[in-house]
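Work through the exercises below with the sequence and the structure at hand. Each task is followed by a solution in steps.

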Amino acid sequence: MIARRQILTAGAAGTAALALGACSGGSGSSDPTDTEANAGKTVTLWIMQGTNAKTDEYVAALKEAFTAKTGATLDVQVQPWDGAHDKFVTAMSGGTGPDVAEVGTTWTPEFADAGGLSDLSAEIKEAGLQDGLIKGLVEAGTLDGKMYGMPWYAGVRSILADSAILDAAGVNSQPQSWDELLAMITTIKQAKPDLLPFPIAGASLFSMLPFVWGAGGKIATEEGGTWKAAIAEAPAVEGLTWYTDLALKHDSSSAAANTWKETDSLKSFQQGQTAMFITGSWVPATIKADDPELYERLVAFTIPAKDSALAPSFLGGSHLCRFEDSEEPELAFELIKLMATGDLATRWATETNFFPGEQKAFDEVVSQGDELTKVFAQQMSEGGTTVPVTPAWGKIEGKKTMSTLTSSILGGTPAADAAKTAATEMDQLFSA
C-alpha cells in the first residue's frame with residue numbers, strides 16, 4: 001500500500017483537487033505465463049491515437065502475441081492526446097484506469113509523484129533489462145531513484161534541409177559549430193534572398209532548447225530535492241540570445257515565424273519557402289508520403305553546439321507505465337516487456353518512424369535505416385536529453401512558461417529580461 005503524495009495537476013487551465021484514492025487492488029502473485037490459469041483474465045491497455053498509421057494491424061499482432069504467451073485477453077483502448085492528461089488524472093483518482101498505459105515522458109514524474117504509477121525498478125532488474133535501455137528515456141522515467149516508466153519509443157530533433165538549395169549555395173555539409181551554422185545561413189540568404197534560410201519558430205520550445213544546452217546552459221538545477229530555475233543564468237541567456245539573433249540580426253527568419261509551431265515550419269519547407277529547419281526524427285516519413293520528390297532531396301544535420309557539431313536535443317516520447325490500481329500486476333508487466341523489447345518494439349518503431357526505447361532494438365532500426373535515420377540517431381544517442389525530471393514540470397508546461405520565452409524575445413524583449421521573467425515563474429511553480 002502506498003501513500004498518495006500529492007494532488008495531480010488537472011490540465012493547462014488550472015488544477016483540480018483530485019486527492020488520489022486508495023492503494024493497489026493487486027490480486028497477489030501469479031505466473032504470467034501460466035496460460036491455463038490466466039485464460040479467464042483480461043488486461044487493459046491505453047495507447048495514444050495518431051502515432052501509428054497502422055495501429056489496428058499492430059494491435060491485432062500484439063493481442064495475438066499476448067494471449068499466446070500468457071493465456072489472458074488483451075483489451076486495447078486507443079485514446080486521443082487531446083484531453084489525455086485530465087483523463088489520466090480522473091482515472092487514477094477514481095481507480096478506473098487501465099492496467100498499462102502509454103504515458104508521455106514529461107507526464108511520468110508527475111503521475112508517479114502522485115502515487116498513480118507502480119515502481120517497476122525491481123521487475124526491470126529481475127528481467128535483466130536495466131542495462132539495455134536508452135539512457136535518456138530511463139532518466140525521464142525515474143523519480144527519487146525509482147523507475148516508473150519503461151522506455152517504449154522516442155524521437156529527437158535535428159536539422160532537415162533541401163539539398164538542392166544547399167548545393168546551389170555551396171553549403172551542403174555538417175556545421176561544426178554555431179559559427180559554421182551562421183555562415184551557412186548567411187550564404188543561403190545571399191544565394192536565395194527570397195527564401196527563409198532557417199526559420200526561428202517562436203512557439204517551438206524544443207527547437208530553442210538545443211541552443212541553451214549547446215551554450216552550456218540549463219533550464220533548472222536540483223539540489224537536495226529542491227529545483228531552482230537556471231534559465232536566466234549567463235550560459236542559458238547566451239544560447240537564447242544567439243538563437244534569436246539569427247532572426248533579429250541575421251535575417252534568417254521572418255516576423256511571421258515569431259509565432260510558428262514546428263508544423264508551420266514544416267509547411268513552409270514543403271512549399272519550397274524554407275531551406276532548412278529544426279524538426280523531429282519522425283518527419284521525413286511524413287514528407288516521403290506527401291512529396292516523394294522532395295524526400296529524395298532531404299539531407300539531415302545534427303544541431304551544432306557553440307563549439308562542436310552536436311548539441312543536446314530534447315529526447316521525447318512515451319513510457320509504458322503500470323497503474324498502481326492494476327489487479328493483474330504480473331500480467332501487466334509481461335505486457336510491458338512484450339511491447340518494449342524484441343520484435344514488437346522494433347515493429348512499432350518501424351511503423352511510427354520513432355526510435356525504440358530498448359538499445360538492441362534501437363541498434364537494429366538504425367542499422368536498417370538510411371542516412372537521415374543515422375543523423376537523427378546520432379543526435380539521440382550522443383545528445384538526447386530531457387527536461388527537468390520533476391512533477392512541477394507539468395505545471396510549467398501548463399502555464400506555458402517556457403513555450404512563450406522565445407516568442408517574447410523575438411517580439412522585442414531583451415533575452416536576459418525574458419529569461420528572468422520565466423525563471424521567476426518557474427521558481428514559483430517549483431515551490432508551490
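## Exercise 1: a pocket

The second largest pocket of this predicted model holds about 470 Å³ of space. Task: find which residues are closest to the centre of this pocket, and which elements give two or more residues to its lining.

Solution.
- Step 1. The lining has 20 residues, and those closest to the centre are Leu143, Gly225, Trp227, Thr390 and Pro391.
- Step 2. Two or more lining residues come from each of strand S4 (142-143), strand S9 (226-229), helix H17 (392-399) and helix H19 (415-431).
- Step 3. H19 supplies the largest share, three residues.
- Step 4. Sorted by type, the lining has eight nonpolar, seven polar and five charged residues.

## Exercise 2: the sheet of six strands

Task: give the strand order of the open sheet of six strands and state which strands are at its edges.

Solution.
- Step 1. The order reads S2-S1-S3-S13-S6-S14, and the pairing is mixed.
- Step 2. Strand S2 (73-79) and strand S14 (355-356) are the edge strands, since each pairs on one side only.
- Step 3. Inside the sheet, strand S6 (residues 150-155) runs antiparallel to strand S13 (residues 316-322), and five bridges join them. Tyr153 has Ser318 of S13 as its bridge partner.
- Step 4. S6 also runs antiparallel to S14, here with two bridges. Ala154 is matched with Phe355 of S14.
- Step 5. Strands of a sheet pair through backbone hydrogen bonds, in a parallel or an antiparallel way.

## Exercise 3: what lies around S6

Task: decide whether the residues of S6 are buried or exposed, then name the strands that helix H1 and helix H13 lie across.

Solution.
- Step 1. Buried stands for under 20% relative accessible area. Six of the six residues of S6 are buried.
- Step 2. Helix H1 (residues 55-70) lies across strand S1 (42-48), S2 and S6, and runs at about 155° to S2.
- Step 3. Helix H13 (residues 329-340) lies across S1, S2, strand S3 (100-104), S6 and S13, with an angle of about 155° to S13.

## Exercise 4: helix H14

Task: list the buried residues of helix H14 (residues 342-352) and find what covers them.

Solution.
- Step 1. The buried residues are Leu344, Ala345, Thr346, Trp348, Ala349, Glu351 and Thr352.
- Step 2. An α-helix has 3.6 residues a turn, so residues three or four places apart point the same way.
- Step 3. The cover of the buried residues of H14 includes S1, H1, S6, H13, S14 and helix H15 (359-368).
- Step 4. After H14 comes Asn353, which has a positive phi near 65°.

## Exercise 5: the sheet of three strands

Task: describe the open sheet formed by three strands, and state how many bridges pair strand S7 with S10.

Solution.
- Step 1. The strand order is S10-S7-S11, with antiparallel pairing.
- Step 2. The edges are strand S10 (276-280) and strand S11 (298-301), each paired on one side only.
- Step 3. On average, neighbouring strands of this sheet are turned by 40° against each other, direction ignored.
- Step 4. Strand S7 (residues 157-162) pairs with S10 over five bridges, in the antiparallel sense. The bridge partner of Leu160 in S10 is Phe277.

Conventions: Residues numbered from 1 in each chain as written. Predicted model: local features only at pLDDT ≥ 70, side-chain atom pairs only at ≥ 80, totals over all residues. Heavy atoms only, no water. 1 Å grid on protein atoms, 1.4 Å probe; cavity = no way out; pocket = protein on both sides within 12 Å on 5 of 7 lines; lining within 4 Å. Points joined across faces, edges and corners; volume = space filled by probe spheres on them. Helix = DSSP H or I, 4+ residues; strand = E, 2+ residues; numbered from the N terminus. Nonpolar A, V, L, I, M, F, W, Y, C, P; charged D, E, K, R; others polar. Pairing = 2+ DSSP bridges. Contact = heavy atoms within 4.5 Å. Axes fitted to C-alpha atoms, helices over the stretch in contact; angles between N-to-C directions. Buried < 20%, exposed > 50% of the residue type's maximum accessible area, 1.4 Å probe, protein only.
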